[in-house]
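Subject: Model handover

Hello,

Here is the model you asked for, with notes on its strands and helices below the display.

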Amino acid sequence: MIVVSHRGPYSFTRNPDGGFDARRGAGGVVSALSPLLARLGDDERALWVAAAIGDGDRAAVRAGAASAPGIDLALLDLDEVQHRLHYDVVSNSVLWFLHHGLFDLPRRPRFDARAREAWDAYVAVNAGFAECIAERARPGEVVLVQDYQLALVPGMLRERRPDVPVVHFTHTPFCGPSSIRVLPDHMAQALCRSMASGPAGFHTRRWAAAFAASAREVLGPGAGDTTFAASFGPDLDDLRATAASAETAAATADLDDLLGDRLMIFRTDRIEPSKNIVRGFAAYDLLLEEHPEWRGRVVFVASIYPSRQGLAEYLAYANEVDRAAARVNERWSTGDWQPVVVDAEDAFARSVAGLLRYDALLVNPIKDGLNLVAKEGPALNRRGGVLCLSREAGAYDEMGDGALAVHPYDLVQTAGALHEALSMPAGERDRRAALLAERAVARTPAMWLDDQLARAGGPAGA
Ligand code: F6P
């Protein structure tokens, strides 16, 4: 089996001894697949094809040191300018914004000559991936292509290697038929044609239906008929191992010192406009305004760490997030209480400590393909914590009936959900927590992988 994603399972940095340190990559695809693939026996060993991202990865590739435990790793050393246009411009500034409904349409996007050049780079990078896979795939070997950065790979690969079964899986939402029309025709057609050329998976039926409707809009009746929905949950063994680690114990002790017997609202996210972090702080501000009883009794711990810093939009959003947190603290802090504590360290153990300890977990994205945190939290939490979950997160379909629904744009409603979470009687909290803990692990990464293999017509039970 060949797994293909833009971000690889490990990122590499040079260490002082001249060697390389490997760090597990971020994001849902990596969390779901790395532990699973690493556990496969040698005869089933998977090849993972990804891009070399950043200087450390590129240096590791050139030194022949980009390897990963239990997986054969091929990191593509792409042309740097093309890669930047592919990743920063088309993938993250166009497709990500399109699928998450983030465009400020009177102003953006603007498809000028530079955008055409960026699209050519997107095509070239996708072709580079397709070429590499076409060369390395054994006859009939299943290829599982992940996500919107590589949406053209399925079509390109089918042309080059018709013998190879290809499945594409999108971890984001997919825009609907009116939004797909925002793209220039050649872009919309290329993306839909490639993804509709075979099985196209999504985390929920809602995103699968949106893609099928967009494909019909762009390509005509019958297109997009091969979509399917298959979600995953956390890899429980992997999560529990992190929960039992010394790093998590140290982070838990830090939290205990910080909180004492105060209640804790928690969130953990990349700093990303779709995560709706600013409105989360604004809703908390409203909670403290409307419910003075919570002042001094609750702390909002936000484990939020930088993402995609090559993009001006993300840097600007990070500033807004800082200002929103500071505003709450300036307004409500007292001598012995700071209402918002931002933890900017990107360390999974610190997030896990927060997930073990929260009383309310706020997951309020504008839109999200799944949002694995909404499952990791209930799978781990030890305090009957309440999940406040946006209806626009893919995970809502599975977790909604145990969660408190959050309307991502309605601050009054969100503040009300936080109040309800913090005041919920113990019996009701425990009932919901038990239901959510069960739901969170009902769909394992192995089931999700099997669903893709089944669509490919390949062997199930990997
Ligand atoms: O949500 C889909 C996804 O591909 C995740 O796997 C990942 O967290 C993110 O998008 C991509 O992030 P990045 O641009 O940092 O690789």
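Two strands are taken to pair if DSSP finds at least two bridges between them. Please keep in mind that this is a predicted model.

By that rule, strand S4 (residues 47-51) pairs with S5: five bridges join them, and the two run parallel. Within this pair, tryptophan 48 stands opposite leucine 73 of S5. Strand S5 (residues 72-76) is mostly covered, with four of its five residues buried. Helix H2 (residues 54-62) belongs here too, since S4, H2 and S5 make up a right-handed β-α-β unit.

Further along the chain there is an open sheet of six strands, with parallel pairing, in the order S12-S11-S10-S13-S14-S15. Its edges are strand S12 (340-343) and strand S15 (404-406); each has a single partner strand, so one side of each is left without a neighbour in the sheet. On average, neighbouring strands of this sheet are turned by 20° against each other, direction ignored. Inside the order, S10 (residues 263-270) and S13 (residues 360-363) run parallel and are joined by two bridges. Phenylalanine 266 has leucine 361 in S13 as its bridge partner.

The last item is helix H5 (residues 153-160). Val153, Pro154, Gly155, Met156 and Leu157 are buried in H5. What do the buried residues of H5 pack against? Their contacts are helix H4 (113-136), strand S6 (143-146), strand S7 (166-170) and helix H7 (185-195).

Regards

How values were computed: Residues are numbered from 1 along each chain as its sequence is written. This is a predicted model: local features need pLDDT of at least 70, side-chain atom pairs count only at pLDDT 80 or more; totals for chains, interfaces and linings use all residues. Side-chain values use heavy atoms; hydrogens and water are left out. Axes are lines fitted to C-alpha atoms, for helices over the stretch in contact, and angles run from 0 to 180 degrees between N-to-C directions. Buried means under 20% relative accessible area, exposed over 50%, partly exposed in between (1.4 Å probe, protein chains only). A crossover is right-handed if, with the strands pointing away from the viewer, the path from the first strand over the helix to the second runs clockwise. Contact means heavy atoms within 4.5 Å.
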